[in-house]
Amino acid sequence: MQRITVLGATGSIGVSTLDVVARHPERYSVYALSAHSRVDELAAQCVQFRPARAVVGSAAAADQLAALLRAAGVKTEVEWGEQALCSIASASEVDSVMAAIVGAAGLAPTLAAARAGKKILLANKEALVMSGQLFMDAVHESGAVLLPIDSEHNAIFQSMPQFGGRVPAVRDDAAGVAKILLTASGGPFLTRDVATLDAVTPAQACKHPNWSMGRKISVDSATMMNKGLEVIEAHWLFGAPADRIEVVIHPQSVIHSMVSYVDGSVLAQLGNPDMRTPIAHALAYPERIASGVAQLDLTQIATLQFEKPDFARFPCLALAFDALRAGGTAPALLNAANEVAVQAFLDLKIGFRQIDRVIAQVVQQLPHGAAHSIDAVLAQDAAARAAADTIIAGLAP
Ligand code: NDP
Ligand code: MG
């Protein structure tokens, strides 16, 4: 029986994770769940999964949740705040941690799971983008097992089967990997007239053609910052230099990514675009379990298309490659500026095309330094948020 903590249980990934878990009650039990403010949803999950502990974002939310659970006769212990999140991620009762909080807020608990040597199912790419080497060092020092949930990285992991789960560094020529081919759908604005992008609404940006996801990652997919963050994520997970990671637009989202080997072989992982596949893969690894996802019908899909990304249409992708090449705390600056700019767009404070301009200005303004400690990373994160706020306040609405 694997005992699981789901960080971000009420989100898109959290709900998909619990869907897979519920299909296999003989294999998985839920130790703890977390949410930020969606208390009703978390209460319903506690009624269904009976975790020992549940964590929310504020004292008021904790009071609300405790009252709902009392009324339902559920004995889950209710806590709140970052320390409680770190505690449910590192407790000795836990085997596996699904890291599915969105954004930098997930860094502390995900790092706590890494330091405690847990099996980490990593959806929260922002945590790894921010902390890079420091996070990977924590994983290696504690003997934690890191399994990618992001569909592309899960596909890359699956396309390196010869290494038995011990994924080699791509930069190491002995691995025989020529390139990682990271596929991207191109999002909702792949073919839209660029001149009209300034006028798009949050609802249009969040309407992804293939995937149903949380709002932040949906906007990231529309700007392709999501792919940029994934390039940086692939760099850390697979030891891949920037020039061995190639982004390929593949609008159908059927091939989830590929590994190109020096002998000319290309291995790919395919499937319907449903996150329950990578979630089930990582939960059961190295075994296979049913996920509820329909089998892929290739004759129904009939055509798979590929094209090069247009960096002029998607400047965020170029900004992310620049941050990866700059190294140090540059990716943390990029990530923080992006989080602030995306929230400002969702709050109707800036237009869609101002997202990339705010980020570009922040990374230009702030000097990046060495990422020698988590405190240094968090200081850069805070500085980038303040700079982005100032830039946004100065923009005409
Ligand atoms: P959602 O917005 O759907 O869910 C986010 C979860 O995090 C919710 O449980 C939310 O709680 C919680 N949360 C939000 N803010 C905070 C905070 N400040 N402190 C603690 N918890 C917080 O996001 P997704 O599920 O879409 O994405 C989660 C992560 O997975 C992201 O890093 C994303 O990039 C990654 N990912 C997602 C994919 C997808 O298909 N959705 C695919 C690949 C990666 P509440 O509900 O109470 O607000
Ligand atoms: Mg992805």
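Which residue of strand 9 is the bridge partner of L182? It's V247, and we'll get back to that pairing after a look at the ligand. This is a predicted model, where local features need pLDDT of at least 70, side-chain atom pairs count only at pLDDT 80 or more, and totals for chains, interfaces and linings use all residues. Residues are numbered from 1 along each chain as its sequence is written, and side-chain values use heavy atoms, leaving out hydrogens and water.

**Around ligand 1**
- Ligand 1 has 23 residues around it, with T10, H36, S37, R38 and E126 coming nearest (near means a heavy atom within 4 Å).
- Domain 1 (2-148) and domain 2 (173-191 + 201-273) both give residues to this shell, so ligand 1 lies between them; the domain bounds come from an automatic or database assignment.

**Polar contacts** (N or O pairs within 3.5 Å)
- The T10 side chain puts an N or O atom 2.6 Å from an oxygen of ligand 1.
- Backbone N or O atoms join in too: one of G8 sits 3.3 Å from a ligand 1 oxygen, and one of A123 sits 3.4 Å from a ligand 1 oxygen.
- Taken alone, ligand 1 exposes 890 Å², and the protein buries 88% of that (Shrake-Rupley method, 1.4 Å probe).

**Strand 8** (strands are DSSP E runs of at least two residues)
- Six of the eight residues in strand 8 (residues 177-184) are buried, so the rest of the structure largely encloses it; buried means under 20% relative accessible area, with a 1.4 Å probe and protein chains only.
- Strand 8 pairs with strand 9 (residues 245-249) in the parallel sense over five bridges; pairing takes at least two DSSP bridges.
- With strand 10 (residues 255-261), strand 8 pairs in the antiparallel sense over four bridges, and V177 stands opposite Y261 there.

Methods. Chains are lettered from A and ligands numbered from 1 in the order in which they are written. A polar contact is a pair of N or O atoms within 3.5 Å; within protein, one must be able to donate a hydrogen and the other to accept it, and residues adjacent in sequence count only if both atoms are side-chain atoms. Buried means under 20% relative accessible area, exposed over 50%, partly exposed in between (1.4 Å probe, protein chains only).
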